[in-house]
Every structure is written in structure tokens, then in C-alpha cells.
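Below are some points on this structure, set out for a colleague who has the coordinates open. They take up confidence, the chain contact and the nonpolar cores in turn.

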Amino acid sequence: MLTLFAGSIFSRHKVENLRGKEATLEEVLYLPSGKTVKRLSLGYSGLLADIYWTRAVQYFGAKHTVHSTQYALLYPLLDITTDLDPKLIVAYEYGSVFLSQPPPEGAGEPEKAVTLTEKGIRENPEYWRLYFTLGFIHYMDLKDPRSAQRAFQKGSEVPGALPWMKVMAARMAERSKDIETSILLWQGIYETVADKDVRNAARTHLDSLLADRAITQLEQQVQIYRQRTGTLPASWGDLIRAKLIPGVPLAPKGEPYQLKANGKVDVEDPTQYRYLGEWQHNNWLPF
Amino acid sequence: MISRLSAITLNTFREAVRDRVLYNLVLFVLLLVASAPLFGEISIGLERLILVNVGLSSISLFGVIIAVFVGIGLVSKEIEKKTLYTILSRPVRRWEFIVGKCCGLLVTLVTNTALMTVGFYIALLATAHSLHRSDANILVAIYFIVLQLMMMVAITLLFSTFSSPIFSAIFAFALFVIGTFAEDLKNFAAMASGGARWLVTALAYVVPNFASLNVISQTAHGQAVATSLILFNTLYAVLYSAAVTAGAVLIFERRNLK
């Protein structure tokens, strides 16, 4: 019996080699619809979800190992997995990372990663970390800080969310050059968060943003003075006499702003305002 | 009456536990449960979840298989071996025979489920290294599986009173499958109109509702099951099983055994 069985294995091996790759259809999903699979699961959808998730992980791993740039079945597998078990958080968290990373690290499909994460949020509205995942994908992969800010903001409102979600929202507002929203968000963090380190960080950001806003407004007044008189103001007194400002403008830390000979305005000690001018930069910084 | 019922129940239980198919299926479930942690190795972040899903799904599915394959032979074997005539010639009424068989198989299934549950919790302890309060919710899922098996025993016995073993198995499995779609039938009924609506609605209530007894996913995620659901599911399962068993008794009472 053993000899016969060994012989059958040998001959089968030969047959498979002869038939080659056409013998198996590698990239095929026989049941592409998650809802259909759920119907056919006879109530054991949780078990099938685990099987599909395992299949998705093995599929990604196999493709990743050979540095593939095509991950055609990855999103369908993840979509079916989450249809079968909408509460399977790991599928949303890890799956979105697999999808969003550029090839060959991942599938390079950040839009599908967003779709998957948004589905996870709909099914698990109490799980605030998915908002972080969404914000991360919008900022890092889609280079869209405004959408990232919205995601972090909404996530920060979920009960139990950690305070740094508000911090992330405020940072994204800075990145999207929306200074007013950024000021509001940092103000909110400073007033509501109890953690001392977070409050200090919020204060530093707030001071820098308030200084940035004030500098922009003061430089506009300097230009108005120049248009009226043909010369740049020599001191704040010139602007006060021209009724363009009510008094000597003070920076958030209490010291007066510096009016330079070229009409630019600056703070006395830039080291006290670490993030001064950062929101205007075009450089893509990692948060 | 109680002594006759308990005698048939005990005898049915003894016969069932001697069935080799039963041991093989129970062993297979225990092996599946023991191997579940290995599935967690080839996945990410799901060791406990896979174990619970594999364990409970195995207990449920194989419980149904045992209920059907042992249940289809309960009446037919007695007829084939001609032992039924001996039993009925004693002062054992036909309804006592049916109810006793039903209870005997149910006791067998509860015993098997208890064994499989012990194996499952050992595997859970080995995987998670400790048990949490939320792991007690799994017992609710197992209780619902027992209720499901009770209904399957009654259904299988009903078919076995008038049909051959093969057809009894086919009908019982078909009803199990339809029972998982019971809530969809009600949705179809809502979309229908006139006589068809009444017919589909009636059908939706006649077929067993196994969907409401399946809380495996819910408990796998550590979510509790509402007490009201436990109470009403128990009431539903008991009443449905009693109604189907009554039907089996009615058929068996009128059956010509010659």
C-alpha cells in the first residue's frame, strides 16, 4: 500500500510539472462577493472571516517576499473578510497598511486603504484608533493634510480617545496652512488637556502661531504705511502716529516685536518660538 | 411513566455512546480545537479569536452532524432489529418511546458538548495563559448551541418516524440549512404581497430560526449576550422542540408497524 501511494505521489508530481502554471489559476477569487460568502457560511461567518484574513495575510506575505508590484486580490480579500466579520479590527488596521504602502512594500493603493478604513469606522464607531489610521494615510500617502486634520479631529471626539489625537489634528491644520483652525485646535488642547507635557507643547505651538498671525498682520500695516508715505516706518511710533496700530505690539510672551529696516517684523528671541513660520513651509515633514 | 421514560432515555444514551462514529467525531473536534493555535501562527493578531471561532463552530457543526447521524437510526434501528415490538409490547406507550429516545439523544449530545467545552477551555487557557471574565460569555454561545442541537434532535426524530434513514438525514440537513436563512425568509415575506406574503410568512415561522441562536461571532469578540435574548431563545427552543416532538408522536402513533 505504501509503495503504491508513493508511486501515485511521484506520478502526480510529474503530471503537475508537465501541465505547468496553467494548471492552477493563481489570481482567482471564486466568490468575489462578501455578502454571498456570508450567506453561504450558514452562520459560521466569524470562522470564515478568520480563514479569509489568514488567506489575505499569506497572499500579502507571498507577494511581498518576491517584491511584487501587483496585489490584485489584496483589497477583495480584505473586503470579504470585513463583510464576514465587521468587528475584525486587525483586518482594517493591518489591511490598510498593506494597501497604502507604495510598492514593493505594499500594494500602493492608498485610496482603497481609505475606503477600507472608512468602512471600519462605520462598523466600529467607538474605536477611535481607526481615525488615526485614516489620518495617517491621508497625510503620509495621499499628502492631504486637510483630510488628515478632519480625521484626527473626528477621532479626538470619540469617548476614550487619547489627548494626542487633538494634537495631531492641530498639526494637520498647520500643515494645511489653515492658521485660524490650527490656533483654535491648539487653544482647545491647552484648555482641556490635563497632561503637563501636552499642555506645554500646545502652549509652544500656540505662541508660535499667534506670533505668525501677528507678524503677517503687522507686515501688512507696514506695507500700507509705505504706500501712503513712500517710505518704510523707522519705528512702531510711525505706525502709531499714522493710526495703523493702537500701540507697541507685544508678542505672546510679552516682549515687543522687532521692526526691521527692510520692513520685516520678527520676535525678539526666535528660540522662544520653536515653530515660528513652520505652517507656511512647503516641506513635507513627518508630523 | 417517569420510570419508563427514564429507562428508555438511559438505554438510548448507552447505545449512543457505544457508537464509534460518535467517538471519531468528538475526537476530531478536540483535534481541531487543539490545532487552532497553529492557525493563529500564520495569521496576525487573531490567536484567541481563531480558537474561539474554530472551537465553537466545530462544536456546533459536529454537534448537528452527530444529532442527525445518530438520530436517524433511533427509530429505524429498533424497527430493523425488531426490538421495537418487544418494547411496545411492554406497557410502554408509543409517545413514551419517542420522548424517551429524544431525551436520550439530547443527554448524549449535552455530554459530548460538555466534553468538547472542557477541551476548548483547556486550549483557550493554553493559548491565552489566563481566563478573563469575558470568556464566560462563551458559555452562553455553547448554551445556545445546545438549544440548537435540541431542536435538531426533535427535527431528525420527526423525519425518522416516517422516512428512511437516508431521506431523514437529507431532510434534517436541508432544514438546518434553511433554518440559518430563516430571517431572510421574513424579509422575502415583507417584499411579497397577497397570498404569497402569508404563505412565506407562515413558512418563515415553521422553519427553525437557527440564526438567532448563533452568537459565536459576538462572544468571540468578548461581547455579552442580553439576558432577555437568553430567556426568549430558551423559551423558543423548548416550545419549538416540544411542538416538533409532538408532531413526531402524532405520526408514530398512527404508523402501521407491521
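1. Within chain A, confidence is highest in helix H6 (residues 110–123) of chain A, where the mean is 96, and lowest in helix H1 (residues 2–19) of chain A, where the mean falls to 79. This is a predicted model, and for chain A the mean pLDDT is 86, with 93% of its residues at 70 or more.

2. The contact between the chains draws on 15 residues from chain A and 20 residues from chain B. On the side of chain B that touches chain A, at least two residues each come from helix H3 (47–80), helix H7 (165–180) and helix H10 (216–220) of chain B, and H3(B) gives the most, with five residues.

3. As to the character of that side of chain B, its residues comprise 12 nonpolar and eight polar, while no charged residue is among them.

4. The largest nonpolar core holds 121 residues, and those that touch the most other members are Leu74(A) together with Ala67(B), Leu105(B), Met152(B), Val153(B), Ala154(B) and Ile155(B). Helix H6 (residues 137–160) of chain B supplies the largest share of this core, namely 16 residues.

5. Leu74(A) deserves a look on its own: once its neighbours within four places in sequence are left aside, Leu74(A) is in contact with Ala56(A), Tyr59(A), Phe60(A), Phe98(A), Leu99(A) and Ala107(A).

6. Separate from the largest core is a second core of 11 residues, which includes Tyr225(A), Leu239(A), Ala251(A) and Val267(A).

Definitions and conventions. Residues are numbered from 1 along each chain as its sequence is written. Chains are lettered from A and ligands numbered from 1 in the order in which they are written. This is a predicted model: local features need pLDDT of at least 70, side-chain atom pairs count only at pLDDT 80 or more; totals for chains, interfaces and linings use all residues. Two residues are in contact if their C-beta atoms, placed from the backbone, lie within 7 Å. Helices (H or I, at least four residues) and strands (E, at least two) are DSSP runs, numbered from the N terminus. Ala, Val, Leu, Ile, Met, Phe, Trp, Tyr, Cys and Pro count as nonpolar, Asp, Glu, Lys and Arg as charged, and the others, Gly among them, as polar. A nonpolar core is a set of buried Ala, Val, Leu, Ile, Met, Phe, Trp, Tyr and Cys residues joined through C-beta atoms within 7 Å. A residue is buried if 20 or more other C-beta atoms lie within 10 Å of its own, exposed if 12 or fewer, and partly exposed in between; C-beta atoms are placed from the backbone. pLDDT is the predictor's confidence in each residue, from 0 to 100.
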